[in-house]
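Welcome! Here is a short tour for anyone meeting this structure for the first time.

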Amino acid sequence: MKSDDFDLKADLQYGAEPGVNSFRNNRMVIFNAKSMGLLRQQLIETLGVEEARKTLFRFGFQSGYSDFLSIDKNYDFDTPEELLKAGPKIHTDKGLVKVETHEMEYDKEESIFHFDGSWHNSYEAEQHIIYNGEADVPVCWSLTGYASAWCSGFSEIPVLAMESKCEGMGDEHCEWSVKPIDEWGEEAEPYINAIMDFFKGDKLMEYYSYMEEQQGLEGKIELAKETNLPETRASTAVDSKENIRMFREAIEEILGKQPPKL
Ligand SMILES: [Zn+2]
């Protein structure tokens with residue numbers, strides 16, 4: 001299939017169970033953009049800009065990573081290029097941003113990856129401006145996290161998306177490019193730190209290369225457990241009960257203690 005044939009609307013199961021919408025066994029939820037904007041703003045005010053940016057980048061990264069795993073596993077694209085372009089398509093279908101892609105170049109053997117394009121109607125820039133006015137720096141942190149994760153999954157090396165223009169800065173549209181982390185300068189360090197912290201460097205690559213071998217979900221879960229990555233364990237849960245158990249374990253590991261009972 002082509003990336004343009006991918007249609008989230010057609011494959012999203014509204015009411016898969018009462019109160020549950022699902023996409024390929026992943027529960028999907030819909031929030032009013034204003035409520036996401038409020039949550040985002042409270043992160044900025046509570047944690048400060050730097051930590052809020054890292055948290056939102058990780059949030060976007062998890063979303064892009066989960067989508068890549070799900071779509072890579074469940075769809076058969078004609079070419080690798082069509083799989084790569086399915087990322088911008090689902091990002092657009094989710095109503096987060098309209099993605100236009102420009103140049104792309106990749107060679108997995110040579111660890112070459114370059115991809116760039118533009119974003120229009122970024123919900124994140126819109127919400128940032130509502131609360132803070134125009135920024136001096138790009139603000140689509142969860143969107144760049146999403147693009148970084150999708151492209152890292154595809155290229156099997158850690159790559160990072162950064163914006164050179166952003167609607168949140170008053171630009172007409174956002175412009176982004178994705179390339180290997182060692183090709184960015186010091187402006188990328190906070191984002192790179194967020195990625196390395198999230199996936200603990202080469203463990204991510206080990207996980208991706210295992211996926212490439214397509215040894216099945218059971219095997220992937222075992223490896224995710226072995227590599228001790230809470231996020232990958234949670235991403236590979238087989239059903240909702242298993243999902244809840246894995247996420248509780250992941251939260252316990254991240255917090256270093258049991259999640260509080262309320
Ligand atoms: Zn932007």
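Helices here are DSSP runs of H or I with at least four residues, strands are runs of E with at least two, and both are numbered from the N terminus. With that naming in hand, E156 can be placed in the loop between α6 and β6. Please keep in mind that this is a predicted model.

**The overall picture**

The protein chain holds 11 helices and 7 strands. It has 262 residues, of which 33% count as buried. Among contacts between residues at least 6 apart in sequence, 56% join residues at least 24 apart.

**Helix α6 and the residue after it**

Helix α6 covers residues 141-155. Its 15 residues reach 21 Å from the first C-alpha to the last, close to the 21 Å expected at 1.5 Å a residue. Is α6 mostly covered or mostly uncovered? It is mostly covered, with 15 of its 15 residues buried.

Right behind α6 comes E156, with a positive phi near 65°. Most residues other than glycine have a negative phi. E156 has its positive value although it is not a glycine. Because 17 other C-beta atoms lie within 10 Å of it, E156 is partly exposed.

S111 also has a positive phi, about 55°, and is not a glycine. Its place is the loop between β4 (98-107) and β5 (112-120). With 13 other C-beta atoms within 10 Å, S111 counts as partly exposed.

**Helix α2 and its two partners**

Helix α2 spans residues 33-47. Its 15 residues should cover 21 Å at 1.5 Å a residue, and its end C-alpha atoms are indeed 21 Å apart, so the two values agree. Just after α2, G48 takes a positive phi of about 90°.

Two packed helices are described by the angle between their axes and the distance between the axes. The table gives these values for α2 with α3 (residues 49-74) and with α5 (residues 123-132).

| Helix pair | Axis distance | Axis angle |
|---|---|---|
| α2 and α3 | within 7 Å | roughly 140° |
| α2 and α5 | 9 Å | about 65° |

The angle between α2 and α3 therefore makes α2 oblique to α3. The crossing of α2 and α3 is right-handed. On the α2 side, R40, L43, I44 and L47 take part, and they meet V49, E51, A52, T55 and L56 of α3. By class, the residues of this contact are 6 nonpolar, 1 polar and 2 charged.

The crossing of α2 and α5 is right-handed. Here A33, M36, G37, R40 and Q41 of α2 make the contact with Y123, Q127, I130 and Y131 of α5. This contact of α2 with α5 has 5 nonpolar, 3 polar and 1 charged residues. R40 of α2 appears in the contact with α3 and in the contact with α5.

**A stop at H173**

Where is H173 found? It sits in the loop between β6 (159-165) and β7 (174-180). H173 is partly exposed because it has 16 C-beta neighbours inside 10 Å; a residue would need 20 or more to be buried.

Which residues does H173 contact, leaving aside its neighbours within four places in sequence? They are S118, W119, H120, K165 and E167. H173 and N121 are 52 residues apart in sequence, and their C-alpha atoms are 7.6 Å apart in space.

Note on methods: Residues numbered from 1 in each chain as written. Predicted model: local features only at pLDDT ≥ 70, side-chain atom pairs only at ≥ 80, totals over all residues. Buried ≥ 20, exposed ≤ 12 C-beta atoms within 10 Å, placed from the backbone. Contact = placed C-beta atoms within 7 Å. Expected span 1.5 Å × (residues − 1). Axes fitted to C-alpha atoms, helices over the stretch in contact; angles between N-to-C directions. Parallel < 35°, antiparallel > 145°, perpendicular 65-115°, else oblique. Left-handed = near helix turned anticlockwise from the far one by under 90°. Nonpolar A, V, L, I, M, F, W, Y, C, P; charged D, E, K, R; others polar.
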